[in-house]
Amino acid sequence: VMAMMILSSLHSLFWLLILLGSVLYIISLIVTEGCTDFLRAPWPEGQPPPRYDDVQDSYGSLWRTLYTLFKSMAGGVSWGENSDPLMDVGWVYF
């Protein structure tokens with residue numbers, strides 16, 4: 001009886017993981033797009049802002065953004081550490 005209950009809950013778990021992955025992917029696309037615009041913007045003084053390297057390291061590609069957001073969600077890294085570089089990108093992404 002217990003084994004049947006566990007097996008019947010796997011169907012719901014599967015769809016939950018699909019939904020969670022889809023939401024994480026969509027948010028990663030949005031954040032990566034904003035960070036890419038930030039990284040390619042011309043700077044008036046010719047010098048990039050102080051957190052330029054942090055943005056590139058954490059959000060420079062889609063896979064880096066996915067990994068950074070997953071680490072924040074799973075508790076591997078504090079969300080504050082990963083959100084600080086996004087302050088320079090824009091309030092929409094913070």
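This is a short talk on a predicted model, covering confidence, one helix pair, the aromatic pairs and a few single residues.

Hi everyone, thanks for coming. Let me start with confidence, since what you have in front of you is a prediction. The protein averages a pLDDT of 89, and 100% of the residues score at least 70. Where is confidence lowest, and where is it highest? The low end is helix H5, residues 86–89, with a mean of 86, while the high end is H1, at 93. As a general reminder, coordinates should not be read in detail where pLDDT is low.

Now to the helix pair. Two packed helices are described by the angle between their axes and the distance between those axes. Here, helix H1 covers residues 2–40 and helix H2 covers residues 52–59, and they pack at an angle of about 145 degrees with their axes 10 Å apart. The crossing of H1 past H2 is left-handed. Which residues make the contact? From H1 we have Val31, Thr32, Cys35, Phe38 and Leu39, and from H2 we have Tyr52, Val55, Gln56 and Tyr59. By character, that contact has seven nonpolar residues, two polar ones and no charged ones.

Please hold on to Phe38 from that list, because Phe38 is buried, at 7% relative accessible area. Phe38 also takes us to the aromatic rings, where the structure holds two pairs. A ring pair is described by the distance of the centres and the angle of the planes. One pair is Phe14 with Trp15, edge-to-face, at 5.0 Å centre to centre and 75 degrees between the planes. Phe14 is partly exposed, with 44% relative accessibility, and Trp15 is partly exposed as well, at 49%. The other pair is Phe38 with Trp43, also edge-to-face, with 5.3 Å between centres and 70 degrees between planes. In this pair, Phe38 is buried at 7%, whereas Trp43 counts as partly exposed at 28%.

Next, a few individual residues you may like to click on. In helix H2, find Asp54. Is Asp54 buried or exposed? Somewhere in between: Asp54 has a relative accessible area of 39%, so it counts as partly exposed. Asp54 and Leu86 sit 32 residues apart in sequence, yet their C-alpha atoms are 9.1 Å apart in space.

Moving on to helix H3, residues 62–74, we meet Thr68. With a relative accessible area of 4%, Thr68 falls under the 20% cut-off and is therefore buried. What does Thr68 touch, once neighbours within four places in sequence are left aside? Its contacts are Ser58, Tyr59 and Asn82. You will recognise Tyr59, which is one of the H2 residues in the contact with H1.

Then there is Met87, back in helix H5. Met87 is partly exposed, at 43% relative accessible area. Again leaving aside neighbours within four places in sequence, Met87 is in contact with Arg51 and Phe94. Its C-alpha atom is 15 Å from that of Thr65, a residue 22 places away along the chain.

Last stop, the loop between H1 and H2, where Gln47 lies. The relative accessible area of Gln47 is 57%, which is over the 50% cut-off, so Gln47 counts as exposed. From Gln47 to Gly90, 43 residues apart along the chain, the C-alpha separation is 18 Å.

That's the tour, and I'm happy to take questions.

Conventions: Residues are numbered from 1 along each chain as its sequence is written. This is a predicted model: local features need pLDDT of at least 70, side-chain atom pairs count only at pLDDT 80 or more; totals for chains, interfaces and linings use all residues. Side-chain values use heavy atoms; hydrogens and water are left out. Axes are lines fitted to C-alpha atoms, for helices over the stretch in contact, and angles run from 0 to 180 degrees between N-to-C directions. Helices (H or I, at least four residues) and strands (E, at least two) are DSSP runs, numbered from the N terminus. A crossing is left-handed if the near helix is turned anticlockwise from the far one by less than a right angle, and right-handed if clockwise. Contact means heavy atoms within 4.5 Å. Ala, Val, Leu, Ile, Met, Phe, Trp, Tyr, Cys and Pro count as nonpolar, Asp, Glu, Lys and Arg as charged, and the others, Gly among them, as polar. Buried means under 20% relative accessible area, exposed over 50%, partly exposed in between (1.4 Å probe, protein chains only). Rings of Phe, Tyr and Trp (its six-membered ring) pair if their centres lie within 6.5 Å; planes under 30 degrees apart count as stacked, over 60 as edge-to-face and the rest as tilted. pLDDT is the predictor's confidence in each residue, from 0 to 100.
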